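Subject: Structure handover

Hello,

Here is the structure I promised to pass on. Please open it first, then read my notes below.

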Amino acid sequence: MANRWKSDVAARDVTPEKIYMNRRQIMAGLAGAGLAGVALPKTAHAEALSPNSWEDITSYNNYYEFGTGKDDPKQNSKRLTTAPWSVTIDGLVDRPGAYALEDILSKMTIEERIYRFRCVEAWSMVVPWNGFELADLLNSAGAQSGAKYVAFETLYRPEEMPGLKYPVLDWPYVEGLRLDEATHPLTIMATGIYGKPLPNQNGAPLRLVVPWKYGFKSIKSVVRITLTDKQPPTSWNKANAREYGFYSNVNPQVSHPRWSQATERRIGGGLFASRQDTLMFNGYADQVAGLYAGMNLKKNF
Ligand SMILES: Nc1nc2c(c(=O)[nH]1)N[C@H]1C(S)=C(S)[C@@H](COP(=O)(O)O)O[C@H]1N2
Ligand SMILES: [Mo]
């Protein structure tokens, strides 16, 4: 593809240890200068592009099929079977079918993408994903001209997903994007993190990543992708339409009914970490604001 988006930096070049003085060193430096106790400025977002550790990314998760606690998914997803895996691509496509994951992967180019990741609960990380552009997959399936939206569905397997016993959400977990969002070059299907296969708790073997939207749009362990002419139902919107819209673009100016979205807590920030400002479209406004030109983002939240 001509216009392929590239990571600014490769993960190996931006480990926090290599580049950034940590906050303890800064505090020690301030203390040495007789300035202990002065407020540190909010974390700059250039600095925030140093990825979180493997430990952070794989131990603090939301994957309600395995429980609602942040450490439940890591513990409870160990026996999830992720091979063989097939993804059904259907609806308004020229070549519908149930595709074996290895056949999909043999046609796709896996790249590294270091993305900010912002949960609607107001915490965030930076994750070095490996994956391919969803546009390439939809292209190979042959999206038809009537297709306007893409619907996604997570595996529903009660014998391996203990959380399905509880009616927290209407299972299976489903999500959706407008076709232009789905084919935007920032939108990927992730297969790995830090060059290793995606752990089960992060949505193995294949999950969506849409970095300018709240984390719940990035649906895990995808088994079905359907092209349609109607806006598809989405799990959190079905559960509470007042709190969770279809778009769910990260927007510091539009509060959740129960909390502000203006700032976020960066996971792994440590003892002295302050909250950081949340960025419009999670910092991807230059690339994606055009998708929403003329739309009222408070109404279409
Ligand atoms: N199937 C499914 N996908 C899901 C979720 C879930 O509970 N089930 N949680 C979502 C939410 S709320 C977030 S914040 C992210 C968390 O991704 P991570 O655990 O890899 O950080 O996954 C999203 N995708
Ligand atoms: Mo989330």
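A word on terms first: two strands pair if DSSP finds at least two bridges between them. Helices (H or I, at least four residues) and strands (E, at least two) are DSSP runs, numbered from the N terminus.

This is a predicted model, in which local features need pLDDT of at least 70 and side-chain atom pairs count only at pLDDT 80 or more, while totals for chains, interfaces and linings use all residues. Residues are numbered from 1 along each chain as its sequence is written, chains are lettered from A and ligands numbered from 1 in the order in which they are written, and side-chain values use heavy atoms, with hydrogens and water left out.

**The hairpin**

Start with strands S3 (residues 111-118) and S4 (residues 123-133). They pair in the antiparallel sense, over eight bridges. Tyrosine 115 has valine 127 of S4 as its bridge partner. Four residues lie between the two strands of this hairpin, and alanine 122 has a positive phi there, near 75 degrees. S3 is largely enclosed by the rest of the structure, because seven of its eight residues are buried. Buried means under 20% relative accessible area, exposed means over 50%, and partly exposed is in between (1.4 Å probe, protein chains only).

**Backbone oddities**

Most residues other than glycine have a negative phi, and most peptide bonds are trans. Here are some exceptions.

- Alanine 83 to proline 84 is a cis peptide bond, with omega near 0 degrees. Proline 84 sits in the loop between helix H5 (72-76) and strand S1 (86-91).
- Alanine 204 to proline 205 is also cis, with omega near -5 degrees. Look for proline 205 in the loop between strand S8 (196-197) and strand S9 (207-209).
- Tyrosine 194 has a positive phi, near 50 degrees. It lies in the loop between strand S7 (188-193) and S8. Its relative accessible area is 29%, so it counts as partly exposed.
- Serine 248 is not a glycine, yet its phi is positive, at about 50 degrees. Its loop runs between H9 and S11. Serine 248 is buried, because its relative accessibility is 4%.

**Asparagine 249**

What surrounds asparagine 249? This residue is in the loop between helix H9 (235-239) and strand S11 (263-266). It is buried, with a relative accessible area of 9%. Leaving aside neighbours within four places in sequence, it is in contact (heavy atoms within 4.5 Å) with Glu181, Trp212, Lys213, Tyr214, Phe281 and Tyr292. A polar contact of 3.2 Å joins its side chain to that of tryptophan 212. Such a contact is a pair of N or O atoms within 3.5 Å; within protein, one must be able to donate a hydrogen and the other to accept it, and residues adjacent in sequence count only if both atoms are side-chain atoms.

**The cavity**

There is one cavity of 30 Å³ or more. A cavity is a set of points on a 1 Å grid over the protein atoms alone where a 1.4 Å probe fits but cannot get out; lining residues have an atom within 4 Å of a point. The largest cavity has a volume of about 50 Å³. Its lining is Ile89, Tyr99, Ile104, Lys107, Leu137, Ser140 and Ala141. Helices H6 (101-107) and H7 (134-141) each supply at least two lining residues. H7 gives the most, with three.

Best wishes

Notes. 1 Å grid on protein atoms, 1.4 Å probe; cavity = no way out; pocket = protein on both sides within 12 Å on 5 of 7 lines; lining within 4 Å. Points joined across faces, edges and corners; volume = space filled by probe spheres on them.
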